[in-house]
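Here are my notes on the model you sent over, written as a list of points. Have the structure open while you read, and click on each residue as it comes up.

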Amino acid sequence: MPGDFPDPSVVKVGDTYWATATSSNWGPTFPLLKSRDLMKWELVGHVFPGERPAWADYYFWAPEISEEGGKIYVYYTAHKRGGNLAVGVASANRPEGPYTDHGPLVGQPDGSIDGFPMRDENGQLYLIWKEDGNSVQQPTPIWAQRINEARSALVGEKQELFRNDPATWEGNLVEGVSIVRREGYFYAFYAANGCCGPGCTYATGVARAKNLLGPWEKYAKNPILLNNDAWKCPGHGTAVQYQDRWFMLHHAYAANSQQFVGRQGVLTEFTWAATGWPEFRGGSTAVAPTPVPAQRFTDEYTSQTLAPSWQWPVEQRPSFTLRGGQLHLTARPDHAGAALGQSTTAPAYTATTTLLNPAALPAASRAGLAAHGDPDNTLALVAGGGKVQLLQTEKGQTKTLAEATLPAAKTLQLRLQARQGSQFTFAWSTDGGAIWQPLPAGGTVVNGSYLPPWDRGIRVGPLAQGPASAVAVFENFQLEPQQ
């Protein structure tokens, strides 16, 4: 799954595989993808395509999609308004939705994340989750507790299955547990150590038990899934069967793009050894025999709704309309403005857009094209007030890196180019792209390594800054990966 798809989860419904993944602080919340072969995936919607669940505000993490009794359940993590991280659940009659949210099930003082449903050897339904102790320099126990058949509440007492051993490869945490049952054992695949960013140390281990509540035995050969030259820090996924073969759909960083693209969805095959333990060949993340190439994305805004791959900051959902092949984006005065973004899929790419009638923008407003880390960290090429400006917003503080006088023009093409994931150049054109004017004038490369937050990759897309009375009109957008 090229792009930013952390913590992927997958379930087979009929002859189709359905997957979802962390959306973190980008909306819409939790992508829904489908595939017939686990290799080629189509993004078809989101668990929460419009408003977020009322109880939560941000950090939409680790959705776990499952099917039972003809219903689809998504257990997910989110930050509770006025509280901490909690595990909630939503359900639907079809994998594509619509989903009904049922609210939080558990939210401990230190935070509760990574919910996973599992029936024990007697058919009793349990919720498995991690207590997020590492966020406060504490251990990270994995808990199990009964959940009622309506999936509306936990019942009984929780019981610890296992926890991190800081003296081993696990470091300060274990998390992302997913369980399968095979030949008399429950097998818990889990991730451990540092998940994210340039210094990540993530890897995957496994533990097993004959009874769901234990005792659990960690595999002596852990970790079973490690780095290779192509993929770094593999972990947090779901074991799944395709015909008679077993795979783990998990995330990992591509070594050539690391955190700038984000944690991509990766499929790695494993086998079951004679000892009963799962083994990944060579202990490394596989490189798919036919890896999915990064695709060009083009939007002429001719549909009545935005393409499902468009995203926005989850706490600053922009106001926009589509009509006549144009995107009308209402400006925002807060943070870096009203933003839409596409997940990048490669470390090198070119993004272009056409801004119509830049001179018609009201005073104190501007619009253009940006590389978005989050609402307080952007690099934006914008027009307004008779100028083209290159703006750097870092930790909420904006400064002008370069500017030029904007000639009178009905259309303004804006271009952003990235190399090595974080090195940017910008240019603009008033003649349909025949001649490009670099900004800064000498074509100086701008370092955008500050952009991505610790848990997500860069997005690229249009931006509109200013009072809500200002509306920027865009005619097209294109994002093309480069070799």
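1. Start with aspartate 7. Is this residue buried or exposed? Its relative accessible area is 7%, and the cut-off for buried is under 20%, so aspartate 7 counts as buried. Keep in mind that you're looking at a predicted model. Along the chain, aspartate 7 sits in the segment that comes before β1 (9-13).

2. Now look at what surrounds aspartate 7. Skipping the neighbours within four places in sequence, it is in contact with Thr20, Ala21, Thr22, Ala62, Pro63, His236, His251 and Arg263. One of these deserves a click: the side chains of aspartate 7 and threonine 22 make a polar contact of 2.6 Å.

3. Why pick that residue at all? UniProt, in an unreviewed entry, lists Asp7 and Glu175 under "active site". These two span 169 residues in sequence, yet their C-alpha atoms are no more than 10.6 Å apart, so they gather at one spot. Do treat the label with some care, as such annotations may be inferred rather than shown by experiment.

4. On to glutamate 175, which you'll find in strand β14 (residues 174-182). Glutamate 175 is buried too, with a relative accessible area of 9%. Which side chain does glutamate 175 join through a polar contact of 2.8 Å? That would be lysine 130.

5. Lysine 130 also turns up in the list of residues in contact with glutamate 175, which leaves aside neighbours within four places in sequence. The others on that list are Ile113, Asp114, Ile142, Tyr190, Ala191, Cys195 and Tyr202. Cys195 is a handy bridge to the next topic.

6. How many disulfides does a search of the whole structure find? There are 2. If the term is new to you, a disulfide is a covalent bond between the sulfur atoms of two cysteines. Counting the bonded cysteines along the chain, the pattern here is 1-2, 3-4.

7. One disulfide is formed by cysteine 195 and cysteine 196, with sulfur atoms 2.0 Å apart. The torsion about their S-S bond is about -100°, so this disulfide is left-handed. Both cysteine 195 and cysteine 196 are buried.

8. Cysteine 200 and cysteine 233 form a disulfide as well, and their sulfur atoms are 2.0 Å apart. The pair links distant parts of the chain, 33 residues apart: cysteine 200 is in the loop between β15 (185-192) and β16 (203-209), while cysteine 233 is in strand β18 (residues 231-242). This link is right-handed, with 90° about the S-S bond. Cysteine 200 and cysteine 233 are both buried.

9. For a bit of strand pairing, go to β12 (residues 142-147) and β13 (residues 154-162). They run antiparallel and are joined by 5 bridges. Take arginine 146 as an example: its bridge partner in β13 is valine 155. The hairpin has 6 residues between the strands, and arginine 151 takes a positive phi near 60° there.

10. Last, the stretch 299-478. UniProt (unreviewed entry) lists these residues as "domain: Beta-xylosidase C-terminal Concanavalin A-like". What does the chain look like over residues 299-478? It is 0% helix and 52% strand. Check the two ends of this stretch as well: their C-alpha atoms are 6 Å apart.

Definitions and conventions: Residues numbered from 1 in each chain as written. Predicted model: local features only at pLDDT ≥ 70, side-chain atom pairs only at ≥ 80, totals over all residues. Heavy atoms only, no water. Disulfide = S-S within 2.5 Å. Buried < 20%, exposed > 50% of the residue type's maximum accessible area, 1.4 Å probe, protein only. Helix = DSSP H or I, 4+ residues; strand = E, 2+ residues; numbered from the N terminus. Contact = heavy atoms within 4.5 Å. Polar contact = N/O pair within 3.5 Å; in protein donor to acceptor, adjacent residues only side chain to side chain. Pairing = 2+ DSSP bridges.
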